Amino acid sequence: MRAARLSVITAATAVAALTAVTGCTEKGGSGSGDNVINVTATDDKCEVSKNEVPAGHVELAIENKGSKVNEVYILFPDDRVVTERENIGPGTKQRVTAEVKAGAYQIACKPGMKGNGIRQDIKVTGGTAAKRDARLDKAVAAYREYSQTQADETLPLAETFAKAVKDGDIEAAKKAYAPSRIGWERTEPVAESFGDIDPKVDLREDGLEEGQDLEKDWTGWHRIERSLWKDKKLTARDSELADQLITDLTDWQKRVGKAEITPTSMANGAKELLDEVATGKVTGEEERYSHTDLVDFKANVEGAEKSYELLKAVAKENDPALVTELDKQFAALNGLLDKYRADKTSYDFTSYDKVGEADRKELSDAVNALAEPLSKLAAAVVVK
């Protein structure tokens with residue numbers, strides 16, 4: 001999971017910066033109404049204001065009163081993710097809107113962004129199904145097709161990467177590494193919604209849970225990344241990891257069509273991708289050995305922009321000022337990223353270890369400037 005890939009200190013630093021720019025401490029707070037659940041998260045508690053809400057659009061009004069960075073989820077009984085909001089800094093408040101059908105769910109708070117979280121059972125009653133503009137059904141269908149295409153196109157690129165690893169060809173594997181990750185990074189919230197795939201394929205070394213073994217339990221792209229760039233050698237274990245990566249990505253490819261996708265999950269997923277950039281790519285944490293962070297960065301932005309473009313027509317009618325701001329900030333961020341590649345169609349980005357602190361700060365500011373209005377997109381596609 002994204003949160004598991006970050007050290008708590010790094011995440012806390014990133015969230016503090018994000019909060020300073022976005023003013024998140026002023027945007028949450030107590031809510032009222034049948035569809036609002038106030039969630040108070042601390043270092044050892046996850047309190048909810050109610051355990052039953054009617055079906056439709058449910059809003060979480062979250063406040064982190066603890067000392068650790070937190071994240072809050074609505075989960076299906078099998079741990080699939082309905083919606084989430086990560087990187088909630090101490091003393092901050094955030095809101096997230098989700099479309100939820102009748103059934104049994106759990107709200108989970110994860111202080112320190114580790115483990116299974118502190119959970120509360122909630123029941124969503126029959127209520128009234130969420131009203132939806134017909135154009136949003138088309139948007140969901142188009143995004144589902146987009147997600148499937150990204151998975152379908154990722155697999156052969158990953159197979160090229162895996163073959164080079166198994167052949168012991170370090171240079172070929174290095175060349176194939178970043179391209180094999182683009183489709184995944186564009187649609188990562190969909191993959192993460194299943195709960196079990198992301199930790200297998202995209203886990204950072206510092207994301208291992210207590211008790212897990214580094215050599216046995218760490219799998220996926222980043223484990224092989226370390227062998228290629230840090231260890232500078234490939235072993236029989238790397239061949240096993242390459243095979244496992246293809247197995248897990250094939251599982252992802254087959255399951256994408258079963259993902260729960262709604263207009264609000266698309267909007268929240270776009271925000272999650274920007275949070276991913278803020279706490280992983282801008283800091284250099286994501287690709288700490290290969291320094292291909294800007295490739296992932298661009299893919300995350302592309303995935304977020306795809307969701308936005310599909311939802312844009314409805315959002316523009318409900319909140320034209322928001323759309324104007326989002327258009328402006330997406331253009332600004334994309335223009336800034338273009339400075340770090342040869343042309344606008346190339347994914348041959350500057351190695352991130354060559355990007356100085358001042359330039360990283362400029363990138364971070366642009367991400368934060370987009371993330372704040374993007375956090376309002378879910379509410380803008382809700383039919384009042």
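**Briefing: a buried glutamate, a disulfide and internal cavities**

The side chains of Glu225 and His222 are joined by a polar contact of 2.8 Å, where a polar contact is a pair of N or O atoms within 3.5 Å, one of which, within protein, must be able to donate a hydrogen and the other to accept it, and residues adjacent in sequence count only if both atoms are side-chain atoms. This is a predicted model, in which local features need pLDDT of at least 70 and side-chain atom pairs count only at pLDDT 80 or more, while totals for chains, interfaces and linings use all residues. Residues are numbered from 1 along each chain as its sequence is written, and side-chain values use heavy atoms, with hydrogens and water left out.

**Around Glu225**

- Glu225 has its place in helix 8 (residues 221–231), helices being DSSP runs of H or I with at least four residues and strands runs of E with at least two, numbered from the N terminus.
- Glu225 counts as buried because its relative accessibility is 0%; buried means under 20% relative accessible area, exposed over 50%, and partly exposed in between, with a 1.4 Å probe and protein chains only.
- A polar atom of the Glu225 side chain lies 2.9 Å from the backbone nitrogen of Ser290.
- Leaving out residues up to four places away in sequence, Glu225 touches eight-listed neighbours that include Tyr177, Arg204, Lys230 and Tyr289, contact meaning heavy atoms within 4.5 Å.

**The disulfide**

- The structure holds one disulfide, a term for a pair of cysteine sulfur atoms within 2.5 Å, and this bond joins Cys46 to Cys109 with an S to S distance of 2.0 Å.
- The pair links distant parts of the chain, since Cys46 is in strand 2 (residues 46–48) and Cys109 is in strand 8 (residues 103–109), 63 residues apart.
- The torsion about the S-S bond of Cys46 and Cys109 is about 55 degrees, so the disulfide is right-handed, and both cysteines are buried.

**The cavities**

- The structure holds three cavities of 30 Å³ or more, a cavity being a set of points on a 1 Å grid over the protein atoms alone where a 1.4 Å probe fits but cannot get out, with lining residues having an atom within 4 Å of a point.
- The largest cavity has a volume of about 180 Å³, and among its 16 lining residues Pro189, Val190, Ser193, Glu260 and Ser265 lie nearest its centre.
- Helix 10 gives the most to this lining, with five residues.
- The second largest cavity has a volume of about 40 Å³, and its lining includes Phe76, Arg80, Ser193 and Glu260.

Technical notes:
1 Å grid on protein atoms, 1.4 Å probe; cavity = no way out; pocket = protein on both sides within 12 Å on 5 of 7 lines; lining within 4 Å. Points joined across faces, edges and corners; volume = space filled by probe spheres on them.
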